[in-house]
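Visitor: I've got a structure open here and would like a quick tour. Could you walk me through it?

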Amino acid sequence: MSLKVYYDLMSQPARAVVLFCKANKIPFTPKPVALRKYEHQSEEYGLISPFRKVPVIQDGDFTLTESVAILQYLAERFDCPDHWYPKDRKARSKVQEYMAWQHWNTRMHCATVFIQEVILPKATGNPPDEGKLRKHVAAMNTTLTNMENFFLKDTPYISGHQISIADLLGVCEVEQVVASGRDVSAGHPTLRTWTERVKSELRPHFDEVHTLMHSLRDRNKKH
Ligand SMILES: N[C@@H](CCC(=O)N[C@@H](CS)C(=O)NCC(=O)O)C(=O)O
């Protein structure tokens, strides 16, 4: 198979890429890279990913990093149904609008809460710093409210009336937070309805790529 996907299912953007391939029946050779074992720091992986991050794809002799660029490339390369990354200029721009926004909003704030609640306690053996956590949860909630009031205000999906690569990126970031057992959609009814809609559209693949996150969630359920 000419397409190779380098990923770790603990990684939100890597899950979005794997999910996209599965949802679109794009054949690929899976190349798992275990971040917890520092496999991304190996000499060999450095030749594939100069920034030593996942996801990365290789399509023949073409290598591409960055989930947003990868999703855009795959949608066109495999001629996927138009709704994923529409050709219409305005519809495409709405997808791009969210993808530009998410780095410093959904991604940053959801990932920070995950790090505070899951990664740091595991690394240090200490419980989360409650003061810091409160601050980060408040910032995440502001972002989630902004998603509801802007991107999801008038449409069932982030960028319109059908699912797109923006929804994949968004839902994988939001789902990261559940690993601590936290109900991330609490107080966000529009977000809850959207996540359920996107998940049910992506089943069974959504659950397959989130098996690890969901086993952490079940172990940590406490809130
Ligand atoms: N902007 C990149 C972010 C990739 C990224 O941050 N990947 C993380 C996992 S979520 C990673 O590989 N981290 C390893 C490290 O930084 O050492 C994308 O969207 O693909």
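**Ligand, domains, fold**

Visitor: How many nonpolar, polar and charged residues does the shell around the ligand have?
Guide: Keep in mind that this is a predicted model. Sorted by class, the shell around the ligand comes out at 4 nonpolar, 4 polar and 3 charged residues.

Visitor: And which residues surround the ligand?
Guide: The cut-off for the shell is a C-beta atom, placed from the backbone, within 6 Å. With that, the residues surrounding the ligand are Ser11, Gln12, Pro13, Leu35, His40, Arg52, Lys53, Val54, Pro55, Glu66 and Ser67.

Visitor: How far apart do the C-alpha centres of domain 1 and domain 2 lie?
Guide: The domain assignment puts domain 1 at 3-80 and domain 2 at 84-220. Between the C-alpha centres of domain 1 and domain 2, the distance is 20 Å.

Visitor: Which element supplies the largest share of the side of domain 1 that touches domain 2?
Guide: In the contact between the domains, 18 residues of domain 1 meet 14 residues of domain 2. On the domain 1 side, α1 (12-23) and α3 (67-77) each give at least two residues. The largest share there, 9 residues, belongs to α1.

Visitor: What is that side of domain 1 like by class?
Guide: Let's go by class again. The side of domain 1 that touches domain 2 has 3 charged, 3 polar and 12 nonpolar residues.

Visitor: What pattern does the chain follow along the sequence?
Guide: There are 9 helices and 4 strands in the chain. Read along the sequence, they give β-α-β-α-β-β-α-α-α-α-α-α-α.

Visitor: Which residues are the bridge partners of Tyr6 in β2 and β3?
Guide: Strand β1 (residues 3-7) runs parallel to β2 (residues 29-32), joined by 4 bridges. With β3 (residues 56-59), β1 pairs in the antiparallel sense, also over 4 bridges. For Tyr6, the partner in β2 is Lys31, and in β3 the partner is Val56.

Visitor: What radius of gyration does the chain have?
Guide: The C-alpha trace spans about 50 × 45 × 30 Å along its principal axes. A compact globule of 223 residues would have a radius of gyration near 17 Å, so the chain agrees with that rule at 17 Å.

Visitor: What percentage of the contacts with a separation of 6 or more comes from residues 24 or more positions apart?
Guide: On packing, buried residues make up 37% of the 223 residues. Among contacts with a separation of 6 or more, the share from residues 24 or more positions apart is 69%.

Methods. Residues numbered from 1 in each chain as written. Predicted model: local features only at pLDDT ≥ 70, side-chain atom pairs only at ≥ 80, totals over all residues. Nonpolar A, V, L, I, M, F, W, Y, C, P; charged D, E, K, R; others polar. Domains from an automatic or database assignment. Contact = placed C-beta atoms within 7 Å. Rg over C-alpha atoms; globule rule 2.2 N^0.38 Å. Buried ≥ 20, exposed ≤ 12 C-beta atoms within 10 Å, placed from the backbone. Pairing = 2+ DSSP bridges.
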